[in-house]
Amino acid sequence: MRTLFSFSLIIMLATIFFMSAVTVNAQQENPVHWEITTQKVDNNHINLVMNATIDSNWHLYTINMAEGGPMPLVFDFEPSQNYKPIGGIQESPEPIKSYDDVFEVDVKYQEKKATYTQKFKVLTNDSFTIKGEIDGQACFDDGQCVLVFKDIAVDVEQKPASATNAESEKQDIKADTTDKNDTINQTDNQVDEEITHEKDTSVIAQDDTAPTPEKKENNSKNKGLLVFVLIAIGAGLAGVLTPCVFPMIPMTVSFFMQGTQNKLNTILKAVVFGISIMLLYTIIGLIVSLTSAGADLTTTLSTSWVANSIFFLLFIIFAISFFGAFEIVLPSGLANKADQQVDKGGMLASFFMALTLVIVSFSCTGPIVGALLVKGAASGSWIEPTIGMAGFGFGFALPFTILAISPGWMKKLPKSGGWMNSVKVVFAFILLAFSMKFLSNIDQANNLNILSRDLYLAIWIVLFTLLGAYLLGKIRFPHDTEIKHIGFFRLLLAIVSLSFAVYLVPGLFGAQLTSISSILPPPSAQKFELTNTGSNIPAGSEVEDILCDDPLYSDFLEYPHGIHGYFDYEQARQCAIEQEKPLLLYFTGHSCSNCKKMQAEVWSDPEVIKYFNNELIITKLYVDERYKLAEEFWYTSEVDGKIKKTIGKMNMDRQIRDFDVISQPFYIMINPQTEAILTEKPMLFETNPDIFIDFLNAGIKVYES
C-alpha cells in the first residue's frame, strides 16, 4: 500500500503536455467561405447570421481569445444611426480546444462549418445597409496560416410604415453581400481594428485559439484527458491511505466474508461493491458536467474574478482541512440510514456498504474530490468532471475490491499509524500550490500585474521545499507523530519534492520551464528576467551605435535576446543605407505561433544574435499590428485600392505587393539602395540555427559582391 501512496503522489506532481505547429510557405486561396443572411426577430430587431464554410484540413481561429494567444476572429461593424448591435457574437458549435505550448494558453478553433450570430436593434423605418468587416486567421494541417477577410455589406429592406405588421413579419429580410474571393483583399484587410491602440465603438468578439494539425490536436486532447484520468486514479488510491479510510479496510473486507463459504458469491459481492463506489463518484462528476456545460464556460472560468476567487478559496479551505484545522463531514444521519440497509444482506447490501463508505470517508476524500471537480470544470470540457470522478472512484474502490476477493493479502498491509496523516498533509501542500493558478487567472485576466511569474514561482519553491522538509520529519503538525526513521518511499517523495523546488529556481531568472508552462503565468508576466539582460550575447556583438536613431514604435514593440532593430521599413532602410549594410525584412505577427517559436529557438543562438547586431540591419514588420497612424500617413493601396491606416495593413500591403506572399514568418534580404532582393529564396519557418545562418550569409555575400 505504501507503493500506492508514492505512486499516486508522484502522479499528482506530474504535468500535462505540449505541442507545436510547423509553418510552410506562400500564398493560398481563401480557405474560409462566408454566407451572410439576416433573420427577423420582431419589428425592432434582426439577427445577422454569418455562416462560415471551412475548407477540408483547415482550421479557423474562433472568438474570445485569451490575452497573449493567437489572433482571434473579429467582427467589426461600422457605427450607424440606423442600427445598434445588441450583446455579443453568439457562436456555434462549441469550438475545439487544445493547449498551445508556444503561446502557453488554451486555444480554440472551428472546423468544416461554424455559425456566428449578431443581434441588432433597428433604429429606422427606412431601408439600410449593415456594413463591417470580418477579420481572422485560418491554418492548414501542415501548420501554414493565412489571414482571412470578409467585407460585410448587407441590405435590409424595410416595409413602409403603412404596411401591416403581419405582412412585415412574413417577409424574410434578404441579405446581399459582396463576396471577395481575391486572396489579397481577404488577407490584406483582415488585420484592421481588432486590437487597435485607439479604441472605437465597433463590436469586437475575441477568442483563445491557435492552429495545429488535426491529428496532432486530437492526440493532444486525448493525452491531456489521459493524464487527468491517471491523476484522478492516483488521487483515489491515495484517498484510501487517509486516516478516515485506511482503518476501515478490515471491517469492510470482513463484511464480504460473513455468512457464506461460496467463493463466487463473495467475488460477486465484492465486484458489486467496487462498481457501486465507482458509480457513486461518477454520478457526482456527471452532475457537475451537466451543470457546467456550455460554450462560454471556459472563457467565464478563465477570466471571471468571481469564479477564480471561489476556486482559490475552495482550494485554501481544502488545504486547511488537510492540515488538521477542521474536518469536512456530511450529516451523520446519512451514514446511519445507509448502514441500516446493509443489514438486509444480498447484493443490494453491497451497494449500501459502498454508500456508507463514501459518506463516512468524506471528511478525508471530500477535499480531494472537490479539487478534482474544480480542475475538471475549469478545463471547459463537459466530460472531464465525469471522467475524473470515474477515475477517482476506480482508484478508491480498487484496493477494497482486491482485498475482498483475496482477504489473505491484508496480512501484508502496514499497520495504521501517523503515516496516514502524512498523506493528508502532502495533499494540503499540493492544494496550496495549485490554488495559486486561480489567483494567476485573476491577475492575468484583469491586467493587475500583481502576481508576477517570478513571485508565483517563489511561492511554489517555498511550498515544495517545506513539503520536502516535512517528509524528512523536519516539520510537524498537531496530528503528526514523531518520525524516528525515514522509510524508503518517504525519502523518495522528499527527493522528488526538493528536486522539483530546485528545478523551479531558474524560472526566477527567466528560464522557460516548458514542461510545466501550462500551469504557470506566461513569460510576459516575468518581472525579473536575467536572460534578457544581454548576458547571452557573444563577445563582440554588443555595438552601442548599431542603430542610427531610436526605432519608431519601440514604446510598445520590442526585440528579444538583446537584439537591436527597427519596426518601420523606411526608417530601417535609411539606416541600412547610411551604414552600408544589407536590410533583412522580417514579416511577422503577434498571433504568429511559429514566429514566436523561431525567435525562441533560432534567434537565441549567439551566432544569430551576432549577425543581427553587426552584419545587417533588421526590421520587424508586424502584419497584425492595429496601431492606427496619423491621417497624414495613410495611403491608398495599389493592390486593392483601399486606404491603409494601420501599421499592420501597411506591412501586409508591402508583403503582398513586393513579394506576392501572405504567410508568416517570412524573411527576405534586400539591398537598401536599390531594394533588389539579395537572397535566392526567402526564409520561412526553420528551427535550425545553422540553416538560418547560411541564409543570412548568402544574402550578405551577394550584397558585398
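Me: Two strands pair if DSSP finds at least two bridges between them, so what makes β1 and β2 a pair?

Reply: Strand β1 (residues 32-42) and strand β2 (residues 45-54) share 10 bridges in the antiparallel sense, which satisfies the requirement of at least two. Within this pair T38 stands opposite L48 of β2, and a hairpin through 2 residues joins β1 to β2. Strands are DSSP runs of E of at least two residues, helices are runs of H or I of at least four, and both are numbered from the N terminus; by that count the protein has 20 helices and 15 strands.

Me: What should be kept in mind about the origin of these coordinates?

Reply: This is a predicted model, in which local features need pLDDT of at least 70 and side-chain atom pairs count only at pLDDT 80 or more, while totals for chains, interfaces and linings use all residues. Residues are numbered from 1 along each chain as its sequence is written, and side-chain values use heavy atoms, with hydrogens and water left out.

Me: How do you know where the predictor's confidence is lowest and where it is highest?

Reply: Confidence is expressed as pLDDT, which the predictor assigns to each residue from 0 to 100, and its mean is lowest in helix α3 (residues 183-189), at 38, and highest in β15, at 95. Over residues 1-28 the pLDDT is below 50, although this stretch has 97 contacts in the model beyond near neighbours in sequence, a contact being heavy atoms within 4.5 Å. Residues 531-544 also fall below 50, with 24 such contacts. Where pLDDT is low, the predicted coordinates should not be read in detail. For the protein as a whole the average is 75, and 70% of the residues score at least 70.

Me: Why is the link between C548 and C575 called a disulfide?

Reply: The term requires a pair of cysteine sulfur atoms within 2.5 Å, and the sulfur atoms of C548 and C575 are 2.2 Å apart, so the pair qualifies. The count by this rule comes to 1 disulfide. It links distant parts of the chain, since C548 lies in the loop between α15 (488-504) and α16 (569-579) and C575 lies in helix α16, 27 residues apart. With 80 degrees about the S-S bond, the link is right-handed.

Me: What makes C575 buried or exposed, and how does C548 count?

Reply: A residue is buried under 20% relative accessible area, exposed over 50% and partly exposed in between, with a 1.4 Å probe and protein chains only. C575 has 2% and is therefore buried, whereas C548, at 30%, counts as partly exposed. The same scale puts W460 of helix α14 (residues 453-471) among the buried residues, with 1%. Leaving aside residues up to four places away in sequence, W460 touches A433, F434, M436, F500, L504 and I519.

Me: How do you know that the span of helix α8 agrees with what is expected?

Reply: The expected span is 1.5 Å times one less than the number of residues. For the 18 residues of α8 (residues 305-322) this gives 26 Å, and the end C-alpha atoms are 26 Å apart, which agrees. Its buried residues include F311, F312, F315, F318 and F322. After α8 comes G324, whose phi is positive, near 105 degrees.

Me: Why are β12 and β15 called edge strands?

Reply: In the open sheet of 3 strands, ordered β12-β11-β15 with mixed pairing, β12 (617-622) and β15 (666-670) each pair on one side only. Neighbouring strands are turned by 20 degrees against each other on average, direction ignored; axes here are lines fitted to C-alpha atoms, for helices over the stretch in contact, and angles run from 0 to 180 degrees between N-to-C directions. Strand β11 (residues 583-588) and β15 are antiparallel over 5 bridges, and Y586 has Y667 of β15 as its bridge partner. Helix α19 (residues 647-659) lies across β11, β12 and β15, at about 115 degrees to β11. Helix α20 (residues 689-704) packs on the sheet as well, touching β11 and β15, with its direction at about 25 degrees to that of β15.
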